[in-house]
Amino acid sequence: MSWGWQAVDDYIAHHLIGADDALAAALANNEKQGLPPIDVSAAQGKMLFLLAQMAGARRVLEVGTLGGYSTIWLARALPEDGRLVTLELEAHHAAVARENLERAGVSAKVDIRTGPAADSLAAMDVGAPFDFVFIDADKQSNALYVAEAIRLGRSGTTIIVDNVVREGGVLDADSADERIIGTRALFDMMEADPGLDATAVQTVGAKGWDGFVLARVL
Ligand code: SAH
Ligand code: DHB
Ligand code: MG
């Protein structure tokens, strides 16, 4: 990683984010309980918060909770009666997230569903649509998750997908890494799907060289 990426993220956080006890406690608790440090960065978390507010989101879906760091950011973007459903495979991750969300004072807005996200999504009926969807779980399922986000969304729903660049790994058409194969399948799916208007933006920072897909359901 370039030496400057972390330093600039620190500069951004110092000026625009500031100290945040609940988020710091969540990261410390994640580490103490053995969760991998693969949460979004502070600058990225605030970006998700701002995007959800810009979208006027009242109903948010997240795929991939981990310890709830990104969940806290997104839940804070919601109005009082807003709701967030977050899907997590690992019961231990979900348990840590529950503690972190409680400490952050957002647990009343958040419904954590444990199990494979594909099963949780398949069990969800089209009802009140999600306004904003953040996808950040097993990368091999990204195309499925975007298809489910379209099914459970509405015209204008925002879809964000994390980790779609992987230090340029997305370019490797011969990769045996199922995460790269899954990300490439996502790009193929978005290219073919007329129900979505999308771009992807590369990022550098505390989390290295990666990127987000930003999409809007037509
Ligand atoms: N969004 C979090 C980070 C998520 S890390 C944040 O930024 O704070 C990815 C998470 O997806 C991990 O907790 C992992 O257990 C979970 N995951 C992996 N495969 C999954 C699946 N099939 N269904 C649901 N969650 C899954
Ligand atoms: C990994 C997953 C993530 O969601 C992320 O942001 C970084 C890394 C991983 O599985 O390695
Ligand atoms: Mg991620």
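These legends walk through several close-up views of a predicted model.

**View 1. The largest pocket and what lines it.**
Let's start with the biggest space on show: the largest pocket holds about 820 Å³. Its lining is made of 36 residues, and those nearest the centre are Ile38, Asp136, Ala137, Lys139 and Asn163. Several elements each put at least two residues into this lining: the helices α4 (69–76) and α6 (117–122), plus the strands β2 (83–88) and β7 (210–217). Sort the lining residues by character and you get 14 nonpolar, 10 polar and 12 charged.

**View 2. The second largest pocket.**
Here the volume comes to about 410 Å³. Look for Leu27, Val40, Ser41, Ala42 and Tyr69, which sit closest to the centre of this pocket out of the 25 residues that line it. Three elements give two or more residues to the lining, namely α1 (3–16), α2 (21–32) and α3 (42–54). The largest share belongs to α2, with six residues. As for the mix, the lining of the second largest pocket has 15 nonpolar residues, four polar ones and six charged ones.

**View 3. Ligand 1 and its surroundings.**
Ligand 1 has 22 residues around it, with Gly64, Ser70, Glu88, His93 and Asp136 the closest. Zoom in on the nitrogen atoms of the ligand to find its polar neighbours. In one pair, a ligand nitrogen is 2.9 Å from a polar side-chain atom of Asp136. Another pair brings in the backbone, where a polar atom of Leu89 lies 3.1 Å from a nitrogen of ligand 1. Asp138 joins in through its side chain, with an N or O atom 3.3 Å from a nitrogen of the ligand. How much of ligand 1 does the protein cover? On its own, ligand 1 has 580 Å² of accessible area, and the protein covers 90% of that.

**View 4. Ligand 2 and its surroundings.**
Around ligand 2 you'll find Ile38, Asp136, Lys139, Asp162, Asn163, Arg166 and Arg179. Asp136 may look familiar, since this residue is also listed among the closest to ligand 1. This time the oxygen atoms of the ligand are the ones to watch. An N or O atom in the side chain of Asp136 is 2.7 Å from an oxygen of ligand 2. For the side chain of Lys139, the corresponding distance to a ligand oxygen is 3.0 Å, and for the side chain of Asp162 it is 3.3 Å. Taken alone, ligand 2 exposes 290 Å², of which the protein buries 69%.

**View 5. The hairpin of β6 and β7.**
Strand β6 (residues 196–203) runs antiparallel to β7, and eight bridges join the two. To pick out one of these pairings, find Asp197, whose bridge partner in β7 is Arg216. Six residues lie between the strands of this hairpin. Which residue in the turn has a positive phi? That is Gly205, with a phi of about 160°. Strand β7 also takes us back to the opening view, as one of the elements that supply at least two residues to the lining of the largest pocket.

Definitions and conventions
Residues are numbered from 1 along each chain as its sequence is written. Chains are lettered from A and ligands numbered from 1 in the order in which they are written. This is a predicted model: local features need pLDDT of at least 70, side-chain atom pairs count only at pLDDT 80 or more; totals for chains, interfaces and linings use all residues. Side-chain values use heavy atoms; hydrogens and water are left out. On a 1 Å grid over the protein atoms alone, a cavity is a set of points where a 1.4 Å probe fits but cannot get out, and a pocket is an open set with protein on both sides within 12 Å along at least five of seven lines; lining residues have an atom within 4 Å of a point. Grid points are joined across faces, edges and corners, and a volume is the space filled by probe spheres set on the points. Helices (H or I, at least four residues) and strands (E, at least two) are DSSP runs, numbered from the N terminus. Ala, Val, Leu, Ile, Met, Phe, Trp, Tyr, Cys and Pro count as nonpolar, Asp, Glu, Lys and Arg as charged, and the others, Gly among them, as polar. Two strands pair if DSSP finds at least two bridges between them. A residue is near a molecule or strand if one of its heavy atoms lies within 4 Å of it. A polar contact is a pair of N or O atoms within 3.5 Å; within protein, one must be able to donate a hydrogen and the other to accept it, and residues adjacent in sequence count only if both atoms are side-chain atoms. Accessible areas come from the Shrake-Rupley method with a 1.4 Å probe; for residues, only the protein chains shown count as cover.
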